[in-house]
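Could you walk me through how the helices and strands of this model fit together? Here is the structure, followed by a short tour.

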Amino acid sequence: MAPRKIIIDTDPGQDDAVAILLALASPEEIDVLGITAVAGNVPLELTAKNARIVCELAGHTHIPVYAGCDRPLNRPLVTAEHVHGKTGLDGPVLPDPEMPLADGHAVDFIIDTLRAHEPGTVTLCPLGPLTNIASAFQKAPDIVDRVQEIVLMGGAYFEVGNITPAAEFNIYVDPEAADIVFKSGVHVVVMPLDVTHDALVTKHRNDAFRALDSKVGHAVAEMTDFFERFDIEKYGSEGAPLHDPCVTAYLIRPELFSGRHINVQIETKSELTMGMTVADWWRVTDHPPNAMFIGEIDAEGFFALLTERLARL
């Protein structure tokens, strides 16, 4: 079976970095056509830089990295340096990238790539706010029907919010963009906090990364060492949830995940619940399903896959 063609849309972020590394380490299943950076965890200048740092860490400098939108569609940018540090990749000491940004805007790359490939053969994998994806859909409505699927990290239902009481960070940063994407008609697979909070980097699992004794293994261990201090203090958990690698793991081993095909809508009006993913988990409305909302993960299988693949880099 041919590897799945994807575009990774991202705002690295330590967990974004691990998601990218997992994709680049899995060429049998995943063909990364390009990486598009968006403002989110940190401003665009840093997310575009961090995406290239990760490509160089993996030894995949041929992957084009494009800078995209530097702010949400209709509101000021909210960032998360309190979680990811001032660079977005605090933890390991990694050199500045030598590879340049690709020429052009990320939104145009998304549009051009979807037009250049056969319909239904390119999957979009957003790991941050959905600004680039929504902007591409608005600018070129003809591409919407060409998307194979959108597999994203964002939202929450049972785990409620991590940036407000009701909202998960990626959706909250640009709820209008999320609303456009969820109403687009493209099939969406959602990795919410309900799943990612079960993908915890415990000491045993982080020791396994470090034991790879490679540049990548040490960098990932140091990223999660830094990343976990916030989550342990906030949630009292055993370690940091690896949110974004759930997206790439799903593309490689979908059997590690289970969920429900339900209706998901985005709150864009209420200041109290702005950015909430209103997931009809119990199917109490007659709204048609528009998303596979993942509810469970085989965490042991997930970390076994992650460790095995990172060992390749």
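## Helix pairs, sheet and two residues

Helix α4 crosses helix α5 in a right-handed manner, where right-handed means that the near helix is turned clockwise from the far one by less than a right angle, and left-handed that it is turned anticlockwise. Helices here are DSSP runs of H or I with at least four residues, strands are E runs of at least two, and both are numbered from the N terminus.

Before going on, please note that this is a predicted model, in which local features need pLDDT of at least 70 and side-chain atom pairs count only at pLDDT 80 or more, while totals for chains, interfaces and linings use all residues. Residues are numbered from 1 along each chain as its sequence is written, and side-chain values use heavy atoms, with hydrogens and water left out.

Two helix pairs are set out below. Axes are lines fitted to C-alpha atoms, for helices over the stretch in contact, and angles run from 0 to 180 degrees between N-to-C directions.

| Helix pair | Axes come within | Crossing angle |
|---|---|---|
| α4 (residues 106-116) and α5 (residues 131-139) | 9 Å | roughly 60° |
| α1 (residues 14-24) and α12 (residues 299-310) | 9 Å | roughly 65° |

The helices α4 and α5 are therefore oblique to each other, whereas α1 and α12 are roughly perpendicular. For these words, angles under 35 degrees count as roughly parallel, over 145 as roughly antiparallel, 65 to 115 as roughly perpendicular and the rest as oblique.

In the first pair, Ala106, Val107, Asp108, Ile110 and Ile111 of α4 meet Asn132, Ile133, Ser135, Ala136 and Lys139 of α5, contact meaning heavy atoms within 4.5 Å. By class, these residues are six nonpolar, two polar and two charged; Ala, Val, Leu, Ile, Met, Phe, Trp, Tyr, Cys and Pro count as nonpolar, Asp, Glu, Lys and Arg as charged, and the others, Gly among them, as polar.

The crossing of α1 and α12 is left-handed. Val18, Leu21 and Leu22 of α1 make this contact with Leu306, Arg309 and Leu310 of α12, giving five nonpolar, no polar and one charged residues.

Back in α4, the residues Ala106, Val107, Phe109, Ile110, Ile111, Thr113 and Leu114 are buried (under 20% relative accessible area, with exposed over 50% and partly exposed in between, for a 1.4 Å probe and protein chains only). Their cover includes β1 (4-10), β2 (30-37), β3 (65-67), β4 (122-126), α5 and β5.

How are the strands ordered in the open sheet? Its eight strands follow the order β3-β2-β1-β4-β5-β6-β12-β9, with mixed pairing. The edges are β3 and β9 (257-262), each with a single partner strand, so one side of each has no neighbour in the sheet. Strands pair if DSSP finds at least two bridges between them; β2 and β3 run parallel and are joined by three bridges. Threonine 36 stands opposite tyrosine 66 in β3.

Isoleucine 150 sits in strand β5 (residues 147-153) and counts as buried at 0% relative accessibility. Beyond its neighbours within four places in sequence, isoleucine 150 contacts Leu124, Pro126, Ile133, Phe137, Val181, Val186, His187, Val188 and Val189.

Threonine 268 lies in the loop between β10 (264-266) and β11 (277-279). Is threonine 268 buried or exposed? Threonine 268 is buried, with a relative accessible area of 18%.
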